[in-house]
There are 2 protein chains.
Amino acid sequence: MFLIDCGEGTQVQLRKHKIKFSRINHIFISHLHGDHFYGLIGLISTFMLLNRENDLHVYGPKGIKEIILLQLRASGSFTGYNLYFHELESKESEVIFEDETVIVKTIPLNHRVYTNGFLFQEKLGKRHLNVEAVAKYKIEKVYFDKIKSGGNVTLDSGEVIPNKLLSFPPDAPMSYAFCSDTLYDESIVPIIKDVDVLYHESTFLDSEQQYTEKTKHCTAKEAAKIAKLANAKNLILGHYSTRYGSIEPFKTEAETIFENVLLADDGREFEF
Amino acid sequence: MFLIDCGEGTQVQLRKHKIKFSRINHIFISHLHGDHFYGLIGLISTFMLLNRENDLHVYGPKGIKEIILLQLRASGSFTGYNLYFHELESKESEVIFEDETVIVKTIPLNHRVYTNGFLFQEKLGKRHLNVEAVAKYKIEKVYFDKIKSGGNVTLDSGEVIPNKLLSFPPDAPMSYAFCSDTLYDESIVPIIKDVDVLYHESTFLDSEQQYTEKTKHCTAKEAAKIAKLANAKNLILGHYSTRYGSIEPFKTEAETIFENVLLADDGREFEF
């Protein structure tokens, strides 16, 4: 399980939503502002107290390792598990994680300090077995993996059954882009092109557009423009300024530009 | 207002109990374990966001300044207010703060890392005006400060009215000792002698006494022994291990040794 950003109190939220701590093996930190980062040291310490044994990988801006290690040293603590830091400093998008099922790339953002978004791309999975066809040709179980990987099957009779008849195409791989804190910046569009789900910050409404340049944040309208330019399928908004009493206007504003808008909120879950 | 120790989520608790952030000017950190310290950087950042102007003084173990400044630098932040660190490294009790009304001393504790408790001693205040006597002798307002400070008053007639007739003794000054995390250690007794209120950790019950040496914590019974030896007037217990379902047994156990036992708990307030 991936955790993206870790503000103060993240532990409390994880407990509240019954997320098993041991499932978190990779933590991605977009930038070193407190609301995205101050909960990390506490989480790392709690993993220790829970006698974690799995490796933990932390991806974040250069400097993150020194900050965490300094605090661990000050508390005379060491982690019983392996703690790996992957410090980021590239200003270009780069691959920072890859396994059999997913690849993770950075999305360089334009904020007051060095900041990355993260793009999670599922890899194309295996084909699905056509259970009826397999039964019809009386194909043995030992061939199932081969079929799922796209191979044809030669029957005892010598007849070759093409894979297409024995399997269905794999699920379309999903992709998710997380853009934490950023000024409106079209340069990210090619990186997140055709993404299934785009989380994009929208600190302000258009009526406060004048604050975006100084604070390096953007408006709901601007987030929607990015979603539209990138041909995203869905847009999730979040990181609203506390100046607003309600978050509904963010949805209304973004919908003037882009259709599928959802609002992130404490503990809200989305399925795609 | 003094804040002692600052674990993760302290801000949330302060808000919940409607403590005005701007009233906190002195923060005392006993040691650099997370549950006593990880909320400090967030609080300092929040003070920034609230446009604090008052000086803030932080007292804590050597190393605390580097940890906080490193994080402020990483987030490209600077405080609009003056932030002063008073780093502690003495193994003897020392005076670390003093103004007209209060004096604060460290209480060296015996824990896994360098740790101090803190002793807050009110200074003897001014005497109280005997309003009836003052009226009887028709004494002018300009003399009131002199009377409160213990001076006699000479009437126009030349008669000297002794202070005792014009005022009552000042309130007895209160003292409060906070002993955060420590192994049972009688060497603190002379420092906290006759204290009005002693907060002393009691992580374990006597039945788990075998864990105290390794973890450098103590039991409710041991906390009560310290209170008794120090001739404290009241004992507040806290820092209970989460292994116990209820905190009431801590009170019961301590009361076998010492009479006036109170149990600290989230948000609980005490008046003396």
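**Close-up views of a predicted model**

**View 1. An aromatic cluster in chain A.** Phe2(A), Phe28(A), Tyr59(A), Phe97(A), Phe118(A), Phe120(A) and Tyr176(A) come together as one aromatic cluster. As with every view here, the model shown is predicted.

**View 2. A tilted ring pair in chain B, Tyr240(B) and Phe250(B).** Taking all chains together, the count comes to 31 aromatic pairs. In this one, the ring centres of Tyr240(B) and Phe250(B) are 4.8 Å apart and the planes meet at 55°; an angle from 30 to 60 degrees counts as tilted, so that is the name for this pair. The two residues are ten apart and link distant parts of the chain: Tyr240(B) belongs to the loop between strand E14 (234–238) and helix H10 (248–255) of chain B, while Phe250(B) lies in helix H10 itself. Are these two residues buried or exposed? Tyr240(B) is buried, at a relative accessible area of 17%, and Phe250(B) is buried as well, at 0%.

**View 3. A stacked ring pair in chain B, Phe270(B) and Phe272(B).** Here the ring centres of Phe270(B) and Phe272(B) are 6.4 Å apart, and the planes are at 25°, so the pair is stacked. Phe270(B) is partly exposed, with a relative accessible area of 28%. Phe272(B) is also partly exposed, and its value is 47%.

**View 4. Charges over rings in chain A.** Look for Arg52(A), whose charged end sits over the ring of Tyr81(A), 5.4 Å from the ring centre. The charged end of Lys225(A) sits over the ring of Tyr184(A), at 5.8 Å from its centre.

**View 5. Helix H2 of chain B and its surroundings.** Why is helix H2 (residues 40–49) of chain B described as largely enclosed by the rest of the structure? Nine of its ten residues are buried, hence the description. Those buried residues are Leu40(B), Ile41(B), Gly42(B), Leu43(B), Ile44(B), Ser45(B), Thr46(B), Phe47(B) and Met48(B). Their packing partners in chain B are strands E1 (2–4), E2 (26–28), E3 (56–61) and E4 (83–88), together with helices H1 (10–16) and H3 (64–74). After H2(B) comes Asn51(B), with a positive phi near 55°.

**View 6. The second largest pocket.** This pocket has a volume of about 180 Å³. Its lining includes Glu100(A), Thr101(A) and the residues Glu122(A), Lys123(A), Leu124(A), Gly125(A), Lys126(A) and His128(A). Pro170(A), Asp171(A), Ala172(A) and Pro173(A) also line the pocket. Sorted by class, the lining has five charged, four nonpolar and three polar residues.

Methods: Residues are numbered from 1 along each chain as its sequence is written. Chains are lettered from A and ligands numbered from 1 in the order in which they are written. This is a predicted model: local features need pLDDT of at least 70, side-chain atom pairs count only at pLDDT 80 or more; totals for chains, interfaces and linings use all residues. Side-chain values use heavy atoms; hydrogens and water are left out. On a 1 Å grid over the protein atoms alone, a cavity is a set of points where a 1.4 Å probe fits but cannot get out, and a pocket is an open set with protein on both sides within 12 Å along at least five of seven lines; lining residues have an atom within 4 Å of a point. Grid points are joined across faces, edges and corners, and a volume is the space filled by probe spheres set on the points. Ala, Val, Leu, Ile, Met, Phe, Trp, Tyr, Cys and Pro count as nonpolar, Asp, Glu, Lys and Arg as charged, and the others, Gly among them, as polar. Rings of Phe, Tyr and Trp (its six-membered ring) pair if their centres lie within 6.5 Å; planes under 30 degrees apart count as stacked, over 60 as edge-to-face and the rest as tilted. Helices (H or I, at least four residues) and strands (E, at least two) are DSSP runs, numbered from the N terminus. Buried means under 20% relative accessible area, exposed over 50%, partly exposed in between (1.4 Å probe, protein chains only). A charge sits over a ring if NZ of Lys or CZ of Arg is within 6 Å of the ring centre and within 35 degrees of the ring normal. Contact means heavy atoms within 4.5 Å.
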